[in-house]
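Colleague: I should like to learn how to read the features of a protein model. May we work through one together?

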Amino acid sequence: MKHEDVEKQLENYKNKIENISIPEKLLDEAIEKGMKQHKESKVSKKKRRYYLPKWTWAAIIILLAGCVWTVYLIDPVFLRGNPSWESAMQNEYYHEINYTEKKEGINFTLHGVMMDEKNIVSFITIETENKVDYASIGKIQLFDQQGKELIFNGSYGPIDDDDGTKKKRFRHTVDAQISSEDTLKNGLRIEMDVHVQEEGVDENVETFSVPIEVEQIKLAKKQQYEVNETIEIDGQKITIEKIVMYPTRAEVHIVLDSTNTKDILDYTNLQLEDGKGKIWGKVSNGVVNMMDEKEPHKDILYLESSYFEVPEQLFMTLSKVQAVNKNEREIIYSMDEGKIIQAPDNGKLIESVFVEDKSLVFAINTPSEEDFPFGMFSHVLDEQGKELELYSSFNSIRNGKGYYGVEFKDIDTLKGNIYIPVQYYPTFLEAEKEIKLQIK
């Protein structure tokens, strides 16, 4: 929930607060946390009327329905755009850690986590002594209590808008799902590199290691719905195997038929609904899907979770998918001849290809950014199948065209054909009518 939403809600309800029955223990804890920092806080009287001092990273919300008292122990901006995380916080599935460590002018704080046996979401602040260009998270590793590295699929990045100015504070989320048979039931250790770049100084990289014990953590039990129904869109068979609910996300487990002629890249409008107008769609931040290279015919798609709402009925709907022919899953480009050898849909959507500085850029007719908010590329291979070193991949939409590119470390040395697999591509298949499956 955004700050302005919190303030508006509190303003509407402030005259009714005195009549609400609040658990004394929870209230005492909140007041104690606020009073502890009272002398250091310089929050205005108006804000102190509704908020605990800002240095407690807490905002109080009164939810009149059922007279529930909820204390947000982190800045709500960490949760913006993810209703499942907000719901998990409201239902006390956030575990406060407040691990802080300082190295070479970098102050690293892991405020807390939301976790269950397969998922962990971490909320992090990086502060520096001087204003810097960036403070980002690089390599991340997870280990169990015995030191075994856990294989995971995840996403991480800043939550603050990049306005191009130098800063002293950078806030990040790390969203990870264990992709092996391992679980998080016995605790773990998170290790991550922090990269800081200050003008005129070499990049500073420091490693921080945070132990997380689970004895006091409220690990949620998953809710699982067996579906095992096969649907068909334009000749492509898709089996919805099961749906698994966790507090922070819902997993839709999908199996693709081996006779399909196309690779499904994205399930464009797949969502859950309760039949009464409530919808749980794709997550707008965090991981959106996971594929196992060992089982390429299987997908796991992540949606917002209905875990705490428990609707009487639950449906899954889908009518449109993003797909390319299996034998056109990659763009083959000749560096010697400067032309496309192969591309999805015979390259019909590609208007031009050009080199700009160290980047190879494709101008492609795409839908609006709202309808196609994807980057296309993640890696590039040479003729021997070796992955080429990239600085970045990028995308932007200008004047109705999408520009998708890869920036190489040294583009001038590239010879022969290069192979660029597409993660997403704006070619779609649509069902004749919306497909609707009853889940419960």
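Colleague: Let us begin with the surface. What does the accessible surface of the chain come to, and what percentage of it belongs to carbon and sulfur atoms?

Modeller: Please note that this is a predicted model. The accessible surface of the chain comes to about 23300 Å², and carbon and sulfur atoms account for 44% of that area.

Colleague: How many helices and strands are there in the chain?

Modeller: The chain has four helices and 28 strands. Of its 440 residues, 47% are buried.

Colleague: How should I read contacts along the sequence? What percentage join residues at least 24 apart?

Modeller: One sets aside the pairs that are close in sequence and asks how far apart the remaining partners lie. Among contacts between residues at least 6 apart in sequence, 63% join residues at least 24 apart.

Colleague: Let us turn to a helix. Is helix α4 mostly covered or mostly uncovered?

Modeller: Buried here means under 20% relative accessible area. By that criterion, α4, which spans residues 83-90, is mostly covered, with six of its eight residues buried. These are Ser84, Trp85, Glu86, Ser87, Ala88 and Met89. After α4 comes Glu92, which has a positive phi near 65 degrees.

Colleague: How do I read a hairpin? How many bridges join strand β12 to strand β13?

Modeller: One looks at the direction of the strands, then at the partners, then at the turn. Strands β12 (residues 223-233) and β13 (residues 236-245) run antiparallel and are joined by nine bridges. One partnership sets Gln224 against Val244 in β13. Two residues lie between the strands of this hairpin, and Asp234 takes a positive phi near 50 degrees.

Colleague: And what of an open sheet? In what order do the strands of the four-stranded sheet stand?

Modeller: One reads across the sheet from one edge to the other. The order is β23-β24-β26-β25, with antiparallel pairing. β23 (350-356) and β25 (390-398) each have a single partner strand, so one side of each is left without a neighbour in the sheet. On average, neighbouring strands of this sheet are turned by 15 degrees against each other, direction ignored. Within the sheet, β23 pairs with β24 (residues 359-365) over six bridges, and Val353 stands opposite Phe362 in β24.

Colleague: Which strands are at the edges of the open sheet with the order β22-β21-β27?

Modeller: This sheet of three strands also has antiparallel pairing. Its edge strands are β22 (339-342) and β27 (417-421), each of which pairs on one side only. The average turn between neighbouring strands here is 30 degrees, direction ignored. Strand β21 (residues 330-334) and β22 are paired over three bridges, and Ile332 stands opposite Gln342 in β22.

Colleague: Finally, how do I read a core? Which residues of the largest nonpolar core touch the most other members?

Modeller: In soluble globular proteins, nonpolar side chains tend to be buried together. The largest nonpolar core has 44 residues, and Met114, Phe123, Val252, Tyr267, Leu272 and Met316 touch the most other members. Elements that each supply at least two residues of this core include α4, β12, β13 and β20 (315-325). Another core lies apart from it, with 29 residues, among them Leu150, Val174, Ile178 and Val194.

Colleague: Which residues does Met316 touch?

Modeller: Leaving out residues up to four places away in sequence, Met316 touches Ile240, Val252, Leu270, Gln271, Leu272, Ile435, Lys436, Leu437 and Ile439.

Note on methods
Residues are numbered from 1 along each chain as its sequence is written. This is a predicted model: local features need pLDDT of at least 70, side-chain atom pairs count only at pLDDT 80 or more; totals for chains, interfaces and linings use all residues. Side-chain values use heavy atoms; hydrogens and water are left out. Two strands pair if DSSP finds at least two bridges between them. Buried means under 20% relative accessible area, exposed over 50%, partly exposed in between (1.4 Å probe, protein chains only). Axes are lines fitted to C-alpha atoms, for helices over the stretch in contact, and angles run from 0 to 180 degrees between N-to-C directions. Contact means heavy atoms within 4.5 Å. Accessible areas come from the Shrake-Rupley method with a 1.4 Å probe; for residues, only the protein chains shown count as cover. A nonpolar core is a set of buried Ala, Val, Leu, Ile, Met, Phe, Trp, Tyr and Cys residues joined through side-chain atoms within 4.5 Å.
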